[in-house]
Amino acid sequence: MAGGSAIRGSRVGAGPMGESERGESAPRVRVVFWCARRHDTAIAFAHDVEVPETWDCPRCGLPAGQDEQNPPPPPRNEPYKTHLAYVRERRTDADGDALLEEALTKLRARRGA
Ligand SMILES: [Zn+2]
């Protein structure tokens, strides 16, 4: 790459010891990830880092892939919150409270593990 040394020589902040040249001058790979909602996210990876197949979209949280035409499908598993709402909807009598109690017990057990 022509002119590289000239740029490096004029870099602001390069100390007399040259300590800031380490890391800053490492080549980076810019990879764009696409989620199912067509959000594009550009991530810069260090050259020696293995680029992951997917990346969580920072805008909607869906997994994003490198193929714009074929983004990874949204995950099927529903969040735990939805289950609680479902339990609350079906609340008719003590049955609903029992279900809620069971869910809370599981949640506490999971946190304690
Ligand atoms: Zn997205």
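## A buried cysteine to start from

Let's begin with C35, which counts as buried because its relative accessibility is 0%. Keep in mind that this is a predicted model. C35 turns up in two places worth a look: its SG is one of the protein donors of the zinc ion, and the residue also belongs to the largest nonpolar core.

## The zinc site

Four protein residues hold the zinc ion: C35, C57 and C60 through SG, and H39 through ND1. The donors sit 2.1 to 2.3 Å from the metal. Written along the sequence, their spacing reads C-x3-H-x17-C-x2-C.

What is the arrangement of the 4 donor atoms around the zinc ion? It is tetrahedral, because the angles they subtend run from 106 to 117 degrees, and the cut-off for that label is that all angles lie between 85 and 135 degrees.

C57 is a handy residue to click on here. Leaving aside residues up to four places away in sequence, C57 touches C35, H39, T41 and L62. Among these, C35 and H39 are fellow zinc donors.

## The nonpolar core

In soluble globular proteins, nonpolar side chains tend to be buried together. In this model the largest nonpolar core has 8 residues, namely V31, F33, C35, I43, F45, C57, L62 and A64. Strands β1 (28-35) and β2 each put in at least two of them, and β1 gives the most, with 3 residues. Two of the zinc donors, C35 and C57, are listed both in the core and at the metal.

## Strands β1 and β2

β1 and β2 run antiparallel to each other and pair over 7 bridges. As an example, F33 has T41 of β2 as its bridge partner. The hairpin has 4 residues between the strands, and R38 in that hairpin takes a positive phi near 65 degrees.

Which side chains of β2 are buried, and which are not? They alternate along the strand: T41, I43 and F45 point to one face and are buried, whereas D40, A42, A44 and A46 point to the other face and are not. From the buried face, I43 and F45 are members of the largest nonpolar core, while T41 is in touch with C57.

## Two salt bridges

Side chains of opposite charge can pair when their charged atoms come close. The structure holds 2 salt bridges. One joins R59 to D40, with the closest N and O atoms 3.6 Å apart. R59 lies in the loop between β3 (54-56) and β4 (63-65) and D40 in strand β2 (residues 40-46), so this pair ties together parts 19 residues apart in sequence. R59 is exposed, at 56% relative accessible area, whereas D40 counts as partly exposed, at 40%.

The other salt bridge is between K106 and E102, at 3.5 Å from N to O. Both residues are in helix α4 (residues 94-112), and they are separated by about one helical turn because they are 4 residues apart. E102 is partly exposed, with a relative accessible area of 41%.

## The chain as a whole

Zooming out, the protein chain has 4 helices and 4 strands, in the order α-α-β-β-β-β-α-α from the N terminus on. Buried residues make up 18% of its 113 residues. If you take the contacts with a separation of 6 or more, 28% of them are between residues 24 or more positions apart.

Definitions and conventions: Residues numbered from 1 in each chain as written. Predicted model: local features only at pLDDT ≥ 70, side-chain atom pairs only at ≥ 80, totals over all residues. Heavy atoms only, no water. Donors = N, O, S within 2.8 Å, 3.2 Å for Na, K, Ca; no water. Tetrahedral: all angles 85-135°; square planar, octahedral: opposite > 155°, others 65-115°. Buried < 20%, exposed > 50% of the residue type's maximum accessible area, 1.4 Å probe, protein only. Salt bridge = Lys/Arg side-chain N within 4 Å of Asp/Glu carboxyl O. Helix = DSSP H or I, 4+ residues; strand = E, 2+ residues; numbered from the N terminus. Core = buried A, V, L, I, M, F, W, Y, C linked by side-chain atoms within 4.5 Å. Contact = heavy atoms within 4.5 Å. Pairing = 2+ DSSP bridges.
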